[in-house]
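Q: I am new to this structure and would like to learn how to read its features one at a time. Could you guide me through them?

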Amino acid sequence: MIKAVLSGDMPRSSVLALVLGLILVCLALAPFLFPGVRTVDTAARICVFIVLVASYDLLLGYGGIVSFAHTMFFGIGAYGVALALTHMGRGFDAILVGAAAGALLAAVLAFVIGLFSLRVRAIFFAMITLAVASAVAVLVSQLSGLTGGEDGLTFKTPRALGPAFKFGDELFGVKLNGKLLSYYVVFIGSLVLFLLMLRVVNSPFGRVLQAIRENDFRAEAIGYRVVYYRVAATCLSAAVAALAGSLYAIWLRYVGPDTTLSMEIMIDILLMVVIGGMGTMYGAVIGATLLVLAQNYLQNLMGVAGSLVEGVPVLPQLLDADRWLLWLGVLFILSVYFFPTGVVGRLRRG
Amino acid sequence: MSMAPEHAPTMARLSLAQRLAPWMPVLLVPLLVVAGLLAIPNTSSWLTLTVSGLAMGMMIFLMASGLTLVFGLMDVINFGHGAFVSVGAFVGVSVLLLLGGMTGAPSLALNLAAMGLAVIGAMLATGAMGWAFEKVIVEPVYGHHLKQILVTMGGLIVVEQLIIVLWGPEEIYISRPEALKGAITFAGAALEKYRLVAVGLGLVVFAAMRWTLRRTKIGLIVRAGVENGEMVQALGYRLRLVFVGVFIAGSALAGLGGVMWGLYQEVVSAHMGNQAMILIFIVVIIGGLGSVEGCFIGALLVGLMQNYVAFLEPKVALISNIGLMVAILMWRPMGMIPVVKAK
């Protein structure tokens, strides 16, 4: 039964299985285990990022294609739901329409970009996505009439997902309100999407992608049209990223360039994939959980460390909480060199 | 016995289109300029825009040329190239701020000397940085595109953050040297002096680069290395050394471009390399990865296009370069002047 749900891709390491199980239980029961606005918010962010990183891993880890437009697709999904909820009223139909439209637009855009760049060489894709993504980010902040510009959009989700909606008294000391429901929409949505990605990479399609990653020339010689597979993987990955964006918009009830489109998020995704382990869907779970937790709790610690060494030249600036990215960058380079298979690869081998 | 293949030479002259085809990339620049003249009703503003487009193109070329050569020679794609642009700009601007007395004086010679010192400082700094970057970051990942992209991107992030540590997170505003401020009027059009300097400098660098590549021994080795590296090594040349040299030169040129770009915008920020990277990539792709001439033409096209469209339809300017790239890739999927590899 478990094997069927996981599409036959077992963790293959008892430690990894234990950690994954722990993460699943913690996320599933987050509102009850860690009641608190901030902790539940962190849990929801972890759920969304697991899906986002898993969809990116389909591209990077399985397809061997580097994209810098993943936040763009994420943003398209988020803005899709935001615009639908703003203009169609606060109903579930608006969410569905917005998410579907976002996913479709993301897939079409990925198809066009893929056709232009992947038919020549995969390396073009990285450069072109970088250019397109930055153009879209500028466009979104310029078209303030539609997207709210830099301020973003705040919108109302259906009543049933808001804190004002109550459907019972208390359960284990947790208020049964719409916010709880909203968390479970995000959680279940993420779980389904993640299992779907797991299904995709363990299907024959996923195997062909891996073959192309290892040796595209040979894959072509065996008779697989490399371009078709690469473009299909790009579209699929973009659509799933857009759906993750929709979930994030439902949870935050706000979209803005900083939360969905910024280059920082793209860097976060890259780090999560590499640290968790490229080419394993479970790497996405580990990477996203580690990074989001570290961002929420370790970053403050760094600031404390920075204030401890006050007086020493340069060190305080290096340890400033705003220089978080510096250390992530160093960590990123080191992990590409020394742990290309990431945490999951290590656990599976060990 | 099989027959010899039919040999039927045609003595007819090639049609005009066929004879023009190889020159199309070069002709695109004047074509775009003429198109600009037709679209912009006012001749003097057209002239102003053309000069600023050319200046912008030259600066982009300075920044992009290193990237395309490095790729052509060693198949190394450096996503951290923008870091050299930022560092060059910051070093150059710091030198100029130190030499405030020289830049403030209304003497052209003193101003140019200050500019020269700033440029030399920036090029030395970025050249040295390029050497370190190649050793520490790029060398371990030769022949592995995926890792190159990831690792050099990481390098870009680290350098960007180090700039913030060293120079602070604020943008630095800088005014141009006194004698390069303002504009001269020619045929009713105002031409900014600084832009003319940028055009001149770009032309000089392009000519020098072309001369080095076409007329010197080292250029011969570089060109041969682009076409077939293994063969060059078999003939006894240490291509690795040549490559390190090209990497350093390319980084230094990016630093030069960074100083010019910083003075052009009159402000430098740690993210400017990242923004320049986008234009650099577009230029390198439409030019044909590895081709210096293609890079030059591509840079001019992007510069002109950006200025014309920004004048005619400001909102569209953001995506005009993407549109240009799409159009050129539809016409020639490998870029305007594809590099032929003997493999």
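**Reading helices, chains and contacts**

A: Let us begin with a pair of helices: α4(B) passes α11(B) in a right-handed crossing. Please keep in mind throughout that this is a predicted model.

Q: At what angle do helix α4 (residues 81-98) of chain B and α11(B) pack, and how far apart are their axes?

A: In general, two packed helices are described by the angle between their axes and the distance between the axes. Here α4(B) and α11(B) pack at an angle of about 55 degrees, and their axes are 7 Å apart. Because angles from 65 to 115 degrees count as roughly perpendicular and those under 35 as roughly parallel, this angle makes α4(B) oblique to α11(B).

Q: Which residues make the contact between α4(B) and α11(B)?

A: On the side of α4(B) they include His81(B), Phe84(B), Gly88(B), Gly92(B) and Val93(B), while α11(B) brings residues among them Ser251(B), Gly255(B), Gly258(B), Trp261(B) and Gly262(B). By class, the contact of α4(B) with α11(B) holds nine nonpolar and nine polar residues, with no charged residues.

Q: How do helix α3 (residues 43-74) of chain B and helix α8 (residues 193-215) of chain B cross?

A: The same general idea of an angle and a distance serves for this pair. The axes of α3(B) and α8(B) come within 8 Å and cross at roughly 40 degrees, and the two helices are therefore oblique to each other. The crossing in which α3(B) passes α8(B) is left-handed. Among the residues that meet are Val51(B), Leu54(B), Met58(B) and Phe61(B) in α3(B), and Arg195(B), Leu196(B), Val199(B) and Phe206(B) in α8(B). The contact of α3(B) with α8(B) divides into 14 nonpolar residues, three polar and one charged.

Q: What is the handedness of the crossing of α12(B) and α13(B)?

A: The crossing of α12(B) and α13(B) is right-handed. α12(B) packs with helix α13 (residues 292-312) of chain B at an angle of about 125 degrees, the axes being 8 Å apart, and these helices are therefore oblique to each other. Their contact draws on residues including Leu279(B), Ile282(B) and Ile286(B) of α12(B) together with Cys295(B), Ile297(B) and Val302(B) of α13(B). Sorted by class, the residues of the contact of α12(B) with α13(B) are nine nonpolar, three polar and no charged.

Q: How many residues does each chain bring to the contact between chain A and chain B?

A: In general, the size of an interface is often given as the accessible area lost when the parts come together. For this structure we can instead count residues: chain B brings 27 residues and chain A brings 32 residues. On the side of chain B that touches chain A, the elements that give two or more residues are α7 (145-167), α12 (272-287) and α14 (317-331) of chain B. Of these, α7(B) gives the most, with 13 residues. By class, this side of chain B has 22 nonpolar, four polar and one charged residues.

Q: Which residues have a positive phi without being glycine?

A: As a general rule, most residues other than glycine have a negative phi. In chain A, Arg253(A) has a positive phi near 55 degrees, and this residue lies in the loop between α12 (226-252) and β4 (254-255) of chain A. In chain B, Glu266(B) has a positive phi of about 60 degrees, and Glu266(B) is placed in the loop between α11 (239-265) and β4 (267-268) of chain B. Arg253(A) counts as partly exposed because it has 18 C-beta neighbours inside 10 Å, and Glu266(B) counts as partly exposed with 13 such neighbours.

Q: How does the radius of gyration of chain A agree with that of a compact globule?

A: The idea is to set the value of the chain beside the value that a compact globule with 350 residues would have, which is near 20 Å; chain A has 20 Å, which agrees. Chain A contains 18 helices and four strands, and 49% of its 350 residues count as buried.

Q: Where is Arg348(A) placed?

A: Arg348(A) is in helix α18 (residues 342-349) of chain A. Not counting residues up to four places away in sequence, Arg348(A) touches Arg12(A), Ser13(A) and Leu16(A).

Technical notes: Residues are numbered from 1 along each chain as its sequence is written. Chains are lettered from A and ligands numbered from 1 in the order in which they are written. This is a predicted model: local features need pLDDT of at least 70, side-chain atom pairs count only at pLDDT 80 or more; totals for chains, interfaces and linings use all residues. A residue is buried if 20 or more other C-beta atoms lie within 10 Å of its own, exposed if 12 or fewer, and partly exposed in between; C-beta atoms are placed from the backbone. Two residues are in contact if their C-beta atoms, placed from the backbone, lie within 7 Å. Ala, Val, Leu, Ile, Met, Phe, Trp, Tyr, Cys and Pro count as nonpolar, Asp, Glu, Lys and Arg as charged, and the others, Gly among them, as polar. Axes are lines fitted to C-alpha atoms, for helices over the stretch in contact, and angles run from 0 to 180 degrees between N-to-C directions. Angles under 35 degrees count as roughly parallel, over 145 as roughly antiparallel, 65 to 115 as roughly perpendicular and the rest as oblique. A crossing is left-handed if the near helix is turned anticlockwise from the far one by less than a right angle, and right-handed if clockwise. The radius of gyration is taken over C-alpha atoms; the globule rule is 2.2 Å times the number of residues to the power 0.38.
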